[in-house]
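Colleague: Could you pull up the model and go through the side-chain packing with me? I have a few short questions.
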Amino acid sequence: MFEKIEMIAGRIGNQRHLRALRDGILLSMPLIIIGSIFLILGNLPIEGYPDWLDGIGVAHIFNKIVNGSFGLMALVAAFGIAHSLAEDYEVDGVSAGITSLAAFIIVTPDLITDAGSGISYVYVGSSGLFVAIVVALISAEIFRFFIQKEFTIKMPEGVPIAVEKSFAALLPGLMVVLAWGFIYFLLVTTGIDNIHTLLTNTLGKPLGAIGGSLWGTLLIIAFNSIFWFVGIHGANTINPVIQPVWLQNTDANRIAFQAGQELPNIITNEFMLNFVWIGGGGTTIGLVLCLFLFAKGKNNKAMGRLTVAPGFFNINEPVLFGLPIVLNFKLLIPFILAPVATAIITYIGMSTGLVAKTAGIVVPWTMPPIISGYLATGGKISGAVIQVITLVISVLIYYPFVRSTDKAQLKAEREEEIAASKSD
């Protein structure tokens, strides 16, 4: 099965548009890691810690650093993906990336205030990543089409290369800008002035009929993983519709807990955040532990060291976009299966009474596992125990897939070493 999956994934992975997506998003990796550090520092699960940071005037600085690092992920992707795809077509990647970045800004709605106008951080971060991907791929295709058709301004001989490239990109860049300007005009004319909202509503509304049942939850989990896999922010797409149901269940449990009554709901907001998505969407705590403990390939070992600390604070952007998981078909199965398994096991434990239900206590999403399980269930040790069990199971689910990809990486590294030794 693994050989067949690897064969199919290898063919898909060599497709130029998917390569461009991976390589383009990978450009944001340094910013993602930097942002993760300050996100953890600004949200340590210590009572009174956020108020203390705010009191000494540091909290807003941490937030600014986070927004200015991996909060710019969509901007980096808009440039990087178009750059990578254009380079694959052997045309000017820098010019293609710049025009793609301009196109992304054009279709993104302005945030207008009394002080002026600008663009919200919401759209330049991971929430705008799907639009950035679409804009970058289409922009690069438009750009290379006109370049290859020689619809360019040709400069006389002797002109510096930089000047020549700038003028060569002028007309193709104009076509890209005009195309997206026309698309934005159509959206505004039809009363749709936000392409981000359009895509979110289109993908999010079908989930509105799903309630708090186990089967509905499993469907939500699968959608969340699939959205993340194709570069869509899963939580931002699903939560606006589903989270109100989870929060109502949380509050109902809180009222019952305070009254000393039986807790009515299993699936709550804390059930999802603290027991299903341990380590982040896809229950990636199991993946980062596999990379940290078992990987032997140089890249995988390095990724394990970089992602294990953020993973324990439920921050998985480094592994999502750095390994990557996004558009990595070799990890799609465990990325869906791991959170499904943790949800089923925890649900059965709570429904049979072996595990305490969440008590309506809102635990910060950055709270590490075991501690979060203990607190979310109102100080019951069974909440911590079930997290240990599901954490181990997530490792077991990810292990064979990590082992398979690690073998391929080791083989490639050995071949590179042999080739290097022969060249010497």
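Colleague: Leaving aside its neighbours within four places in sequence, which residues is E270 in contact with?
Modeller: Bear in mind that this is a predicted model. In it, and setting aside neighbours within four places in sequence, E270 is in contact with T250, F275, T358, I361, V362, V363 and A376.

Colleague: Is E270 buried or exposed, and which helix does E270 lie in?
Modeller: E270 belongs to helix α15, which covers residues 269-276. Its relative accessible area is 2%, and because buried means under 20%, E270 counts as buried.

Colleague: Moving on to the nonpolar packing, how many residues are in the largest core, and which have the most contacts inside it?
Modeller: The largest nonpolar core has 64 residues, and those with the most contacts inside it are I81, F104, L287 and F321. Helix α9, residues 129-148, supplies the largest share of this core, namely nine residues. There is also a second, separate core of 24 residues, which includes I221, W246, V276 and V340.

Colleague: What is F104 in contact with, beyond its neighbours within four places in sequence?
Modeller: F104 is in contact with A74, L75, A78, Y123, V124, G128, V131, A132, V135 and H196. Among these partners, V131, A132 and V135 are also among the buried residues of α9.

Colleague: Which other residues of α9 are buried?
Modeller: The buried residues of α9 also include L129, I133, A136, L137, S139, A140, E141, F143 and F146.

Colleague: How far apart are the end C-alpha atoms of α9, and what span should its 20 residues have?
Modeller: At 1.5 Å a residue, the 20 residues of α9 should span 28 Å, and the end C-alpha atoms are 28 Å apart, so the two values agree. The helix is followed by E150, whose phi is positive, near 60°.

Colleague: Changing topic, how many salt bridges does the count come to?
Modeller: The count comes to three salt bridges. In one of them D88 pairs with R16, with the closest N and O atoms 2.6 Å apart. D88 lies in helix α6 (residues 73-88) and R16 in helix α2 (residues 16-26), so this pair ties together parts that are 72 residues apart in sequence. D88 also forms a salt bridge with R19, where the closest N and O atoms are 2.5 Å apart. With R19 in helix α2 as well, that pair ties together parts that are 69 residues apart in sequence.

Colleague: Which residues do the shared partners join into one network?
Modeller: R16, R19 and D88 are joined into one network by salt bridges that share partners. D88 is partly exposed at 27% relative accessibility, R16 is partly exposed at 33%, and R19 is partly exposed at 27%.

Colleague: And where do E141 and R144 lie?
Modeller: Both lie in helix α9, three residues apart, about one turn of the helix, and their side chains meet in a salt bridge with an N to O distance of 2.9 Å. R144 also lies over the face of Y89, at 4.6 Å from the ring centre.

Colleague: On to the rings, how many aromatic pairs are there, and why is the F145 and F146 pair edge-to-face?
Modeller: The count is nine aromatic pairs. For F145 and F146 the ring centres are 5.2 Å apart and the planes are at 85°, so the pair is edge-to-face. F145 is partly exposed, with a relative accessible area of 39%, whereas F146 is buried. Ring pairs link F145, F146 and F151 into a cluster.

Definitions and conventions: Residues numbered from 1 in each chain as written. Predicted model: local features only at pLDDT ≥ 70, side-chain atom pairs only at ≥ 80, totals over all residues. Heavy atoms only, no water. Core = buried A, V, L, I, M, F, W, Y, C linked by side-chain atoms within 4.5 Å. Buried < 20%, exposed > 50% of the residue type's maximum accessible area, 1.4 Å probe, protein only. Helix = DSSP H or I, 4+ residues; strand = E, 2+ residues; numbered from the N terminus. Contact = heavy atoms within 4.5 Å. Expected span 1.5 Å × (residues − 1). Salt bridge = Lys/Arg side-chain N within 4 Å of Asp/Glu carboxyl O. Phe/Tyr/Trp six-rings, centres within 6.5 Å; stacked < 30°, edge-to-face > 60°. Lys NZ or Arg CZ within 6 Å of the ring centre and 35° of its normal.
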